[in-house]
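Hi everyone, thanks for coming along. I'd like to walk you through one structure today, so let me put the sequence and the model up on the screen.

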Amino acid sequence: MHKSFGSNTDWVACLLMWGIGSVILGIFSLVVGDVVWHGLAGVSWEFLSTAPRDAGRAGGIIPILISTGLLLSICLVVAIPIGLGAAIFLAECTSEHHAFGRVVRISLDVLTAVPSIVFGLFGYAFFSHMLGMGFSLVSGGLTLACMVLPILIRATEEGFRTVPNEYRLGAAALGLSRMTTLMTLLLPAAMPGLMVGVILGTGRAMAETAALIYTSGYVDRMPESLMDSGRALSLHIFDLSMNVPGGNANAYASAVVLIGLLLVMNTLASWVAGHWLKRRMFWA
Amino acid sequence: MILLPNITLSPSRVDQLLVWILQGLAAFAGILVLLIVGFLMLEAFPAVRQIGFLSFFSDASWHPVEGFYNVMAMVWGSLLAMLGAVLLATPLGICSAVFCHFYAPTWFVEPYRKLIELLAGIPSVVYGLWGLVVLVPLIGQLHPPGPSLLAGISILTIMILPTIALMADASLAKVPSVYLRGAIALGLSRWTTIRCIIIPAATSGLSTGIILGIGRAIGETMAMLMVCGNVVQVPTNLFDPMRTLTANIALEMAYAVEDHRAALFFTGFLLLGVVIVMVLAVDYIKQRHTYA
């Protein structure tokens, strides 16, 4: 880059940029630092492995972790097949400018941007009421599945697009059927994309609160079946800080657990994206 | 896969089936939006019929129990919080991206970017928790009561800043390097290059980022619910408590019945409408940019 400073404005701009950069860093270290500082003290094996007592003021979060896990599993079990199929279709079976593909893409864009409380309303009206699932893990998981679908499809489609075209040409030259091409060549090669999508989607689903209040409910007991209501980790943080006086300490501790889990997800996603995709490039 | 529009190689049944299934799944993913729109409309319809569309904007106040359904106070609440946050976060976000590309030392860029990415993924409820426990009491000391428009704007700014910064970062990266080399050859200073060449060239990406930020700010629920005070009123100054549309749904859905419930679905439908308009705007910007 050019190192010359032509005028005073340049100096001012440089100072300003450094200033803003450090202010942003400062604000965020303040927020994250505060949460981690206050919360880390509360995280222990006991906290992770016992049930909440006294409306969550004391005790741990094990039923909440289990509920969160179940919600995520339902969400992924439903979203992965649909997302994978849609992504394969968008990447492999339709051209960039074909009307059908374009309409699907735009509606996925809309779906990405729909506010989570609107997903909550939809899940409440459709899954909980109309399909009669009530406040249950299934209802919440299905609502989450609708939310992560666009993320999953985007990342998986990207995975298929990075598969070199030679694979397809080679398969066509060998006279392989589409099914065989897909199963033995494209799918394994596009796997990292799907992985990234799943990890990112899980992250989004795990961070979600508003969509779950009226679908999976508030109950902080250990869920006995999938039709039981169960409280997600993010909802637990919300409830402790808003509705339970004196619940802040455990809210902070739960927030640290949540941030920790998200950090793991994030690192995994970038590792998969960087490592696997790069390695495949060398093979190709 | 290699696809032939006019199938002359007579593909096997399995292949035909495969394409149909895939198309079906894609169609399902696309129809989901229609399903959501349809459902909200279905649930909101009784409200529009019974209460009347105009009553939402002309009733005396928002007192659903007594049959008053004016949503304007909440619309203003959402709008003011969003405007404040976007006005603050846009320059900060763009400067953050510029800092990342042109000022920060090379070793610093990658960790800085990673950090912003991480921040974009932090759940809104965590920001809300911080706002509730740290920021609101702080504002309360400055000027009671504490939960206020100002708290809402601050938290929203912190939340949409990473979104805008990441989009701005990506769009600056897409500016052709020829532009930069041209600027260097002309002997332009760094600031002039950024102000007169880089930023104008990246406008489409920057505006996409801002629109995404607006969408996120309008749709944010939990953090707003936690720090804004949730009083139904048009805030007259920064320290007044207020309620956003999203928080209103989250608060009242628990006990709403009949018309009241339908009215909440109607506000959800309004939010969805705003978001759809924004997505179409982004699509339009992208299209125009690609074909220009």
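**Starting from the core**

So, this is a predicted model, please keep that in mind throughout. Let's begin on the inside. The largest nonpolar core has 179 residues, and those that touch the most other members are A:Val148, A:Leu149, A:Ile237, A:Ala255, B:Ala29, B:Val126 and B:Val227. Which helix gives the most to this core? That is α6(B), with 16 residues. On the chain A side, domain 1 (1-40) and domain 2 (62-283) both contribute residues, so the core lies between them.

Let me pick one of those residues, B:Ala29. Setting aside its neighbours within four places in sequence, B:Ala29 is in contact with A:Ile82, A:Ala86, A:Val104, A:Leu108, A:Leu149 and A:Ile153. Two of these partners, A:Val104 and A:Leu108, are among the buried residues of α4(A). The others buried in that helix are A:Arg105, A:Ser107, A:Val110, A:Leu111 and A:Ala113. As for its geometry, α4(A) covers residues 99-113, and its 15 residues reach 21 Å from first C-alpha to last, close to the 21 Å expected at 1.5 Å a residue.

Now to the interface. How many residues of each chain are involved? There are 75 from chain A in contact with 71 from chain B. On the chain A side, helix α1 (residues 8-40) gives the most, with 14 residues. By class, that side has 52 nonpolar, 17 polar and 6 charged residues.

Stepping back to chain A as a whole, we have 11 helices and 2 strands. Reading from the N terminus, there are two helices, then the two strands, and then the remaining helices. The C-alpha atoms fill a box of roughly 70 × 70 × 35 Å along the principal axes, and 50% of the 284 residues count as buried. Of the contacts in chain A between residues at least 6 apart in sequence, 75% join residues at least 24 apart.

What about the two domains of chain A? Their centres, taken over C-alpha atoms, are separated by 34 Å. Direct contact between them involves 5 residues of domain 1 and 5 residues of domain 2. The domain 1 side of that contact has 3 nonpolar, 2 polar and no charged residues.

I've saved a few backbone details for the end. Most residues other than glycine have a negative phi, and most peptide bonds are trans. With that in mind, have a look at A:Ala55, which has a positive phi of about 60 degrees. A:Ala55 sits in the loop between β1 (52-53) and β2 (58-59) of chain A, and counts as partly exposed because it has 16 C-beta neighbours inside 10 Å. Over in chain B, B:Glu258 also has a positive phi, of about 45 degrees. Is B:Glu258 buried or exposed? B:Glu258 is exposed, with 11 other C-beta atoms within 10 Å, and belongs to helix α12 (residues 258-291).

Then there is a cis peptide bond, joining B:Pro144 and B:Pro145, with omega at about 10 degrees. B:Pro145 is in the loop between α5 (124-142) and α6 (149-173) of chain B. And α5(B) has a feature of its own: a kink of about 40 degrees, centred on B:Gly131. B:Gly131 is buried, as are other residues of α5(B), including B:Trp130 and B:Leu132.

That's my tour, so over to you for questions!

Conventions
Residues are numbered from 1 along each chain as its sequence is written. Chains are lettered from A and ligands numbered from 1 in the order in which they are written. This is a predicted model: local features need pLDDT of at least 70, side-chain atom pairs count only at pLDDT 80 or more; totals for chains, interfaces and linings use all residues. Two residues are in contact if their C-beta atoms, placed from the backbone, lie within 7 Å. Helices (H or I, at least four residues) and strands (E, at least two) are DSSP runs, numbered from the N terminus. Ala, Val, Leu, Ile, Met, Phe, Trp, Tyr, Cys and Pro count as nonpolar, Asp, Glu, Lys and Arg as charged, and the others, Gly among them, as polar. Domain bounds come from an automatic or database domain assignment. The expected span of a helix is 1.5 Å times one less than its number of residues. A residue is buried if 20 or more other C-beta atoms lie within 10 Å of its own, exposed if 12 or fewer, and partly exposed in between; C-beta atoms are placed from the backbone. A nonpolar core is a set of buried Ala, Val, Leu, Ile, Met, Phe, Trp, Tyr and Cys residues joined through C-beta atoms within 7 Å. The bend at a residue is the angle between axes fitted to the seven residues ending there and the seven starting there.
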